[in-house]
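Trainee: I've got the viewer open and a coffee in hand. Can we go through this one together?

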Amino acid sequence: MIRPFSVLRGSRGPRAAGVPLTPRARRIIRLNNGFQLLFNLLWWMPVFYAYQREAGLSDGQIFGIQSIYYVAFCLFEIPTGMVADRIGARNCLRAGAVVMTAANLAPVLAPSYTGFLVHFLAIAAGRSLTSGAASAYLYDGLAAEGAGEHYLKAEGQARALGLAAKVLCWPLVGPLMAVAHPTPYVLSAASAAGSLVCAMVLPRHAAPDHRNRAAKTAPGGVAFLRDATTALRCVCATPWLALLMVQGVAVFTLSRICQVNLFQPVLLDHGIPEGSHGGVLAAMTVAEAVASARPQWLGSRLSPVAWVSLLSLAMAAALAGSTLGGPWTVIALLCVFAAVTGFAYPLQRKLVNDAIPAGAPRATLLSVESIVDRAVCALAAVAAGAYLSAGRLDALLWHSAVVTGVVMLVLQLILRRAPGRPRKRPKEEPALELVTTAGNP
């Protein structure tokens, strides 16, 4: 059984978790780092809003595409999680990399509303294929090697390395576009192709799930229905898992809407020119990367669940505070927002993974979590477009903060009384276990 968390004060390196990594486990971590770095290296991220405006799209069309993207992501998540549990997470990662490569070429071939719509729909398909599969592969792979205690460190390290790559690459987007306008999308496609190489050489799962292997002998439709039913029953029978999934919605929605949908509008609203957006996003990425690599800085006075709620409130407060200052204040608060996001993501991911019962379809359940996240994001994107069209950006940020505060308060009260809540450890054991991330995602 994998222990949820462990605090190791003053420890360094891979032995911090108490179990040395095997060569196979190290290979899994290295290739996961490479895959996550290249798959998520979207060169066009700092400029896609302005890029679409230059292509003739209106704000309504841009945010409409974003809403369609999130809805499509939800729909794609329904079958892809079950596909990962049936054909294997490794094969799902390969398929996702192929789709992502093609998706990034769509705006180059058709720089129009249709081209960008196809682009985001394909990205939804590619990311849905990997969203649950990547985490499931890493979690199960390390558990099979007896290195499950290293999961938090590995998850945070992969994220930190991917963010560090963005820091180096995003400031180059502006100059590269001056040379060739479609360069951000071409380089994104090349990066996705590199992630496919990493996925191709990932080692076969060391300990396949016997339930999944038996399911492969059943007819396709029956097996998919069985997996879906099992996942839904698991969520219904495990209220603690369901509540943790809901708690993570705030972290995901705030980070996604801010860093993808509202990043450029916020900067433009404060008079920060487009040429500086890559540098600002790079600074935010540095802050997020440092925090992602150091979850042990959170300490052990609060439980992991309480930390996630507190971090969600801090994210909302940073966004609301950005309406009160000038350009430099906005940049500083966006960096604070990014750092808080970096702390929250690995912690929330491990909470959900630890709450999944043994033998349950992990990739399918992680896809269920992703469906919930994207469904809320779809609604948030529509609301964001309406607020921006009405020129009410500040009101959007304040209303988001208020809603987040109310939801987190209510959720914490429910979580304190939720069935299945982990029991407190004896006093001699720390309440919060976080693996040090020296060298880490």
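Trainee: Okay, where does arginine 94 lie?

Mentor: Keep in mind that this is a predicted model. Follow the chain to residues 89-109 and you're on the helix that holds arginine 94, namely H4.

Trainee: Is arginine 94 buried or exposed?

Mentor: The cut-off for buried is under 20% relative accessible area. Arginine 94 has 18%, so it counts as buried.

Trainee: And which backbone oxygen lies 3.1 Å from a polar atom of its side chain?

Mentor: Look at what arginine 94 touches beyond four places in sequence: Leu196, Ala199, Met200 and Leu202. One of these supplies the backbone oxygen at 3.1 Å from a polar atom of the arginine 94 side chain, and that's alanine 199.

Trainee: Let's zoom out. How many helices and strands does the chain have?

Mentor: Of the 441 residues in the chain, 56% are buried. The chain exposes about 17900 Å², with carbon and sulfur atoms supplying 67% of that. As for the elements, the count is 16 helices and zero strands.

Trainee: Take helix H12. How far apart are its end C-alpha atoms?

Mentor: H12 covers residues 277-292, which is 16 residues. At 1.5 Å a residue it should span 22 Å, and the distance in the model agrees: 22 Å.

Trainee: Which helices do the buried residues of H12 pack against?

Mentor: Start with how enclosed it is: 12 of its 16 residues are buried, so H12 is largely enclosed by the rest of the structure. Among the buried ones are His277, Leu281, Met284 and Glu288. Their packing partners, going along the chain, are H6 (151-169), H11 (239-269) and H14 (327-355).

Trainee: H14 came up there. How many of its residues are buried?

Mentor: H14 has 29 residues, which should span 42 Å at 1.5 Å a residue, and its end C-alpha atoms agree at 42 Å apart. It's largely enclosed by the rest of the structure, because the buried residues number 21 of the 29.

Trainee: Just before that helix there's threonine 323. Which side chain does it join in a polar contact of 2.8 Å?

Mentor: Threonine 323 sits in the loop between H13 (304-321) and H14, and it's buried, with a relative accessible area of 14%. Its side chain reaches the backbone oxygen of alanine 320 at 2.7 Å. Leaving aside neighbours within four places in sequence, threonine 323 is in contact with Asp394, Leu397 and Trp398. The side-chain partner at 2.8 Å is tryptophan 398.

Trainee: How far is the C-alpha atom of threonine 323 from that of valine 266?

Mentor: Along the chain, threonine 323 and valine 266 are 57 residues apart. In space, their C-alpha atoms are separated by 8.9 Å.

Trainee: What about helix H16: how far apart are its end C-alpha atoms?

Mentor: H16 runs over residues 393-415, and its buried residues include Leu393, Leu397, Thr404 and Met408. With 23 residues at 1.5 Å each step, the helix should span 33 Å. The distance in the model agrees with that, at 32 Å.

Trainee: On to the aromatics. Why is the pair of tryptophan 44 and phenylalanine 120 edge-to-face?

Mentor: A search of the whole structure finds 10 aromatic pairs. In this one, the ring centres are 5.8 Å apart. Planes over 60 degrees apart count as edge-to-face, so the deciding value for tryptophan 44 and phenylalanine 120 is their plane angle of 80°.

Trainee: Where in the chain do those two sit?

Mentor: The pair links distant parts of the chain, 76 residues apart. Tryptophan 44 counts as buried at 3% relative accessibility, and phenylalanine 120 does too at 5%. Tryptophan 44 is in the loop between H1 (23-39) and H2 (48-54), while phenylalanine 120 is in H5.

Trainee: Which residues form an aromatic cluster with Trp44 and Phe120?

Mentor: Both belong to one cluster. The others in it are Phe48, Tyr51, Tyr69, Phe116 and Tyr185.

Trainee: Which residues is glutamine 36 in contact with, leaving aside neighbours within four places in sequence?

Mentor: Glutamine 36 is found in H1 and counts as buried at 18% relative accessibility. Its contacts are Ala134 and Ala158.

Trainee: Last one: how many disulfides are there?

Mentor: Cysteine 169 counts as buried at 13% relative accessibility, and cysteine 198 counts as buried at 13% as well. A disulfide needs a pair of cysteine sulfur atoms within 2.5 Å. By this rule, the count is zero.

Methods. Residues are numbered from 1 along each chain as its sequence is written. This is a predicted model: local features need pLDDT of at least 70, side-chain atom pairs count only at pLDDT 80 or more; totals for chains, interfaces and linings use all residues. Side-chain values use heavy atoms; hydrogens and water are left out. Helices (H or I, at least four residues) and strands (E, at least two) are DSSP runs, numbered from the N terminus. Buried means under 20% relative accessible area, exposed over 50%, partly exposed in between (1.4 Å probe, protein chains only). Accessible areas come from the Shrake-Rupley method with a 1.4 Å probe; for residues, only the protein chains shown count as cover. A polar contact is a pair of N or O atoms within 3.5 Å; within protein, one must be able to donate a hydrogen and the other to accept it, and residues adjacent in sequence count only if both atoms are side-chain atoms. Contact means heavy atoms within 4.5 Å. The expected span of a helix is 1.5 Å times one less than its number of residues. Rings of Phe, Tyr and Trp (its six-membered ring) pair if their centres lie within 6.5 Å; planes under 30 degrees apart count as stacked, over 60 as edge-to-face and the rest as tilted.
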